[in-house]
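Me: I have a sequence and a model open on my screen. Please show me how to read the packing, the charges and the empty spaces.

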Amino acid sequence: MLIYIHGFNSSPASAKAQLLKARLKALGRGAEFAAPALPYSPAQAAVLLDALMASHPGAALVGSSLGGFYATWLAEKHGVKAVLLNPVVRPYELLAPLVGTQKKFHTGEEYEFTTQHVAELRALEVERVTPARYLLIVAKGDEVLDYRRAVERYRGCRQLVIEGGDHGLSDFANYVDAVLDFCGVSDLKKQ
């Protein structure tokens, strides 16, 4: 099972989620993919993701942006592999100035992002990571995050630092097979 965790104000409709889903389907493994729509509350998102992991022990994770932060928490808690795509390192610092009304990118739905949500993010902080669990993919051209923070945070982990690029990893199709290979999806070369 591969679980995709979307970022702040994103959804399972993100381009990266759809590319992973399509590639797994092409490999005859479409049933092995989940991309839950996360609640606004990080604490509620953690409960949902933890329950999903409990029902799929050993699942691999792919987390984008804020989803990379959640994936790190889950990978350490459950001892599984995670691919992190331009992950937020300290979302409670980055998102604190965004307290107030937010809008989901794909649906236009509005909600209130609160100081309680910021505190819930801080509560999910992982002090240390286990390097063998992670593949970090970051773009130097990320217009939202400083890629160097992730490179430092995940020092010792397998890393792919892309020249140029953007926060959404618009060239993600070039990396899908590397992501699936790291996650243990085999027989890619036979397809």
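**Reading cavities, rings and charges**

Reply: Start with the inside. Helix α3 (66-78) and strand β6 each supply at least two residues of the lining of the largest cavity. Keep in mind that this is a predicted model.

Me: How is empty space found in general, and how many cavities of 30 Å³ or more does the whole structure hold?

Reply: Rolling a probe the size of a water molecule over the atoms shows where empty space is left. Here, a search of the whole structure finds one cavity of 30 Å³ or more. The volume of the largest cavity is about 120 Å³. It is lined by 15 residues, and those closest to its centre are Phe8, Pro39, Tyr40, Leu66 and Tyr70.

Me: What is the chemical make-up of the lining of the largest cavity?

Reply: Eleven of the lining residues are nonpolar, three are polar and one is charged.

Me: Tyr40 is on that list. Which ring does Tyr40 pair with, and how are the two arranged?

Reply: Take the total before the case. The structure has four aromatic pairs. In one of them, Tyr40 pairs with Tyr111. The rings are stacked, with centres 3.9 Å apart and 0° between the planes.

Me: Why does the Tyr40 and Tyr111 pair tie together parts that are apart in sequence?

Reply: Look at where each partner sits. Tyr40 is in the loop between β2 (33-34) and α2 (42-55), while Tyr111 is in strand β6 (residues 110-113), so the pair links parts 71 residues apart in sequence.

Me: Is Tyr40 buried or partly exposed? And Tyr111, buried or exposed?

Reply: Tyr40 is partly exposed, with a relative accessible area of 28%. Tyr111 is buried, at 8%. The cut-off for buried is under 20%.

Me: Tyr70 was also on the cavity list. Which ring pairs with Tyr70, and is the pair stacked or tilted?

Reply: Phe69 pairs with Tyr70, and the pair is tilted. The centres are 6.4 Å apart, with 55° between the planes. Phe69 is buried at 4% relative accessibility, and Tyr70 is buried at 2%.

Me: Rings can also meet charges. Which residues lie over the face of a ring?

Reply: Here are two cases. Lys81 lies over the face of Phe182, 4.8 Å from the ring centre. Arg153 lies over the face of Tyr154, 5.7 Å from the ring centre.

Me: Now charge with charge. How many salt bridges does the structure hold?

Reply: Side chains of opposite charge can pair when their charged atoms come close. This structure holds ten salt bridges. One of them joins Arg23 and Asp177, with the closest N and O atoms 2.7 Å apart. Arg23 is in helix α1 (residues 15-26) and Asp177 is in helix α7 (residues 176-182), so this pair ties together parts 154 residues apart in sequence. Arg23 is partly exposed at 21% relative accessibility. Asp177 is also partly exposed, at 35%.

Me: Which residue meets Arg149 in a salt bridge, and where do the two partners lie?

Reply: Glu93 meets Arg149, at 3.5 Å from N to O. Glu93 lies in helix α4 (residues 91-94) and Arg149 in helix α6 (residues 147-153), so the bridge ties parts 56 residues apart in sequence. Glu93 is partly exposed at 42%, and Arg149 is partly exposed at 40%.

Me: What does Arg29 pair with?

Reply: Arg29 forms a salt bridge with Glu32, at 2.9 Å from N to O. Arg29 is partly exposed at 23% relative accessibility. Glu32 is partly exposed too, with a relative accessible area of 30%.

Me: Back to space, this time the pockets. How much space lies in the largest pocket, and which residues are closest to its centre?

Reply: The largest pocket holds about 340 Å³. Of its 21 lining residues, Gly7, Phe8, Ser65, Phe105 and His167 are the closest to its centre. The lining divides into ten nonpolar, nine polar and two charged residues.

Me: And what lines the second largest pocket?

Reply: The second largest pocket has about 150 Å³ of space. It has 14 lining residues, and Met1, Leu2, Ala60, Cys183 and Val185 are the closest to its centre. Eight of the lining residues are nonpolar, three are polar and three are charged.

Conventions: Residues numbered from 1 in each chain as written. Predicted model: local features only at pLDDT ≥ 70, side-chain atom pairs only at ≥ 80, totals over all residues. Heavy atoms only, no water. Phe/Tyr/Trp six-rings, centres within 6.5 Å; stacked < 30°, edge-to-face > 60°. Helix = DSSP H or I, 4+ residues; strand = E, 2+ residues; numbered from the N terminus. Buried < 20%, exposed > 50% of the residue type's maximum accessible area, 1.4 Å probe, protein only. Lys NZ or Arg CZ within 6 Å of the ring centre and 35° of its normal. Salt bridge = Lys/Arg side-chain N within 4 Å of Asp/Glu carboxyl O. 1 Å grid on protein atoms, 1.4 Å probe; cavity = no way out; pocket = protein on both sides within 12 Å on 5 of 7 lines; lining within 4 Å. Points joined across faces, edges and corners; volume = space filled by probe spheres on them. Nonpolar A, V, L, I, M, F, W, Y, C, P; charged D, E, K, R; others polar.
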